[in-house]
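Please open the structure in your viewer and keep the sequence panel visible. The tour below proceeds by selection, one stop after another.

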Amino acid sequence: MTAASVAVVGGGVMGASLAYHLAVRGVRDVVVVDRSAGPGLGSTGAATGGFRAQFDTPINVRLSLLAREKLRRFKEETGSDPGYAPAGYLWLAQSEAEQDALARAHRIQQAEGLVEAVLIGPDEIGRLSPAVRLDGVVGGAFCPTDGFIRPRKVHEGYLAAAERLGVRVDWGVEVTGFRRGADGRITDVETSRARITAGAVVNAAGAWAAAVAAYADIALPVAPLRRQVAATTVCDLLPESTPMTIFVGDAFHFRVRDGRVLLLLPTPGIAGRPFDATVDPEWVEAVARVARERVPVLRRASIDLTACWAGLYEMSPDKHAILGPAAGCPNLYLINGSSGHGVMHAPALGQLLAEIILDGAASTLDVSALRPSRFEEGAPNPVSGVL
Ligand SMILES: Cc1cc2nc3c(=O)[nH]c(=O)nc-3n(C[C@H](O)[C@H](O)[C@H](O)COP(=O)(O)OP(=O)(O)OC[C@H]3O[C@@H](n4cnc5c(N)ncnc54)[C@H](O)[C@@H]3O)c2cc1C
């Protein structure tokens with residue numbers, strides 16, 4: 001049996017960021033347990049590394065602005081380079097309704113201080129992403145400070161910095177249950193190795209978070225959703241500085257990473273097998289067809305099937321993170337449900353949850369929009385389905 005003031009279930013980017021932020025605040029006996037053999041085997045290692053502040057709710061814009069500030073001083077803070085490269089995010093609208101949705105989001109972004117985000121017309125789009133066929137494109141939105149980060153570097157940077165500050169990270173250890181006291185609080189975390197007596201427990205189990213919450217009889221509305229990535233062979237058809245380019249209508253998007261063009265087109269996942277993260281060869285053919293149609297230069301690119309991959313998003317019902325103490329189990333804290341934006345928001349969410357655990361409330365940002373109880377209250381965040 002071991003003792004910890006905080007036991008963190010899951011050593012992905014969320015668990016790592018939280019552990020680091022607790023340790024920086026002086027909490028030294030933090031234990032992170034993860035059933036994977038090592039770092040990066042959950043969703044974090046599957047992320048493509050997009051970073052954006054162009055969202056359509058105030059809380060998501062604010063999380064990104066806080067994360068961006070932290071990414072800019074990440075190396076100074078942790079010693080690792082997070083690879084923040086502001087190549088921009090470029091959204092393309094193919095109808096007036098899509099352009100209106102971008103305009104609504106733009107107003108929210110401006111109000112939150114993302115003043116460099118702009119609405120643009122086809123000429124400017126052609127200048128920013130010249131390889132895209134503009135037929136049918138009526139307008140778009142662009143933010144030059146959006147762009148890319150290196151998910152593994154952010155993850156490893158937080159893990160290493162946390163460990164230097166005394167955090168213990170145990171790989172290959174599965175959490176299998178919780179023991180609770182008469183007041184409902186968790187007293188012990190049962191694992192495949194030793195029992196951990198903990199003052200507080202954090203659910204940072206990504207796409208698998210609902211199963212961990214169920215150990216405390218909590219119904220956490222987080223579900224896995226497969227995301228596939230098709231990769232071309234290494235080529236010089238598009239420059240690395242190409243912005244993340246996204247069609248609003250079907251969310252087809254592409255970017256260049258390490259010489260490969262990465263192609264994404266969301267699908268609903270596999271019916272009956274929600275945790276299946278295999279790549280569907282028919283999907284690869286479909287996304288390649290869309291890419292060749294919309295980015296004609298990619299007709300000269302070949303898909304490298306060995307470099308394609310898939311992973312799991314951790315979806316919440318309103319596609320916003322779930323952050324804070326779980327109702328009914330006061331010392332279980334949730335840092336879940338980022339819905340595919342977890343790497344970019346982890347620097348902010350880890351700091352904010354550390355504030356909640358140590359001070360009783362977050363002080364850097366008002367995170368009430370992320371409170372776990374919002375679903376039972378019938379007050380989820382608005383979901384536009386666009387950004
Ligand atoms: C294809 C793809 C592309 C993406 N692109 C981006 C992007 O561009 N930008 C972005 O910000 N985000 C992106 N994401 C989303 C991002 O990867 C996630 O939001 C983020 O990694 C979630 O981090 P996490 O720490 O919660 O989850 P994870 O990294 O999955 O970590 C959770 C950990 O919990 C462990 N665990 C689960 N159950 C237990 C248990 N019972 N006991 C012990 N350990 C347990 C798992 O082993 C795992 O390591 C992408 C995701 C995918 C799949």
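**First stop: two helices**

Select α1 and α9, which are oblique to each other, because their angle falls outside the other classes (under 35 degrees is roughly parallel, over 145 roughly antiparallel, 65 to 115 roughly perpendicular, and the rest oblique). This is a predicted model, in which local features need pLDDT of at least 70 and side-chain atom pairs count only at pLDDT 80 or more, while totals for chains, interfaces and linings use all residues. Residues are numbered from 1 along each chain as its sequence is written, and side-chain values use heavy atoms, with hydrogens and water left out.

Helix α1 covers residues 13-24 and helix α9 residues 342-359; their axes come within 8 Å and cross at roughly 45°. Axes are lines fitted to C-alpha atoms, for helices over the stretch in contact, and angles run from 0 to 180 degrees between N-to-C directions. Helices (H or I, at least four residues) and strands (E, at least two) are DSSP runs, numbered from the N terminus.

Now display the side chains at the crossing. Residues of α1 including Met-14, Leu-18 and His-21 meet residues of α9, among them Val-343, Leu-353 and Ile-357; contact means heavy atoms within 4.5 Å. The residues of this contact comprise 12 nonpolar, five polar and no charged. Here Ala, Val, Leu, Ile, Met, Phe, Trp, Tyr, Cys and Pro count as nonpolar, Asp, Glu, Lys and Arg as charged, and the others, Gly among them, as polar.

**Second stop: a covered strand**

Select strand β13, residues 244-247. Met-244 and Ile-246 on one side, and Thr-245 and Phe-247 on the other, are all buried (under 20% relative accessible area; exposed is over 50% and partly exposed in between, with a 1.4 Å probe and protein chains only).

Next, add strand β4 (residues 89-93), which runs parallel to β13 and is joined to it by four bridges; two strands pair if DSSP finds at least two bridges between them. Trp-91 has Ile-246 as its bridge partner in β13. Then add β14 (residues 253-257), which pairs with β13 in the antiparallel sense over two bridges. Within β14, His-253 stands opposite Ile-246.

**Third stop: two loop residues**

Which residue in the loop between β18 and α9 should be selected? Choose Ser-339, whose phi is positive, near 60°. Ser-339 is buried, at 3% relative accessible area. Finally, select Asp-217 in the loop between α7 and β12. The phi of Asp-217 is also positive, near 60°, but Asp-217 is exposed, at 68%.
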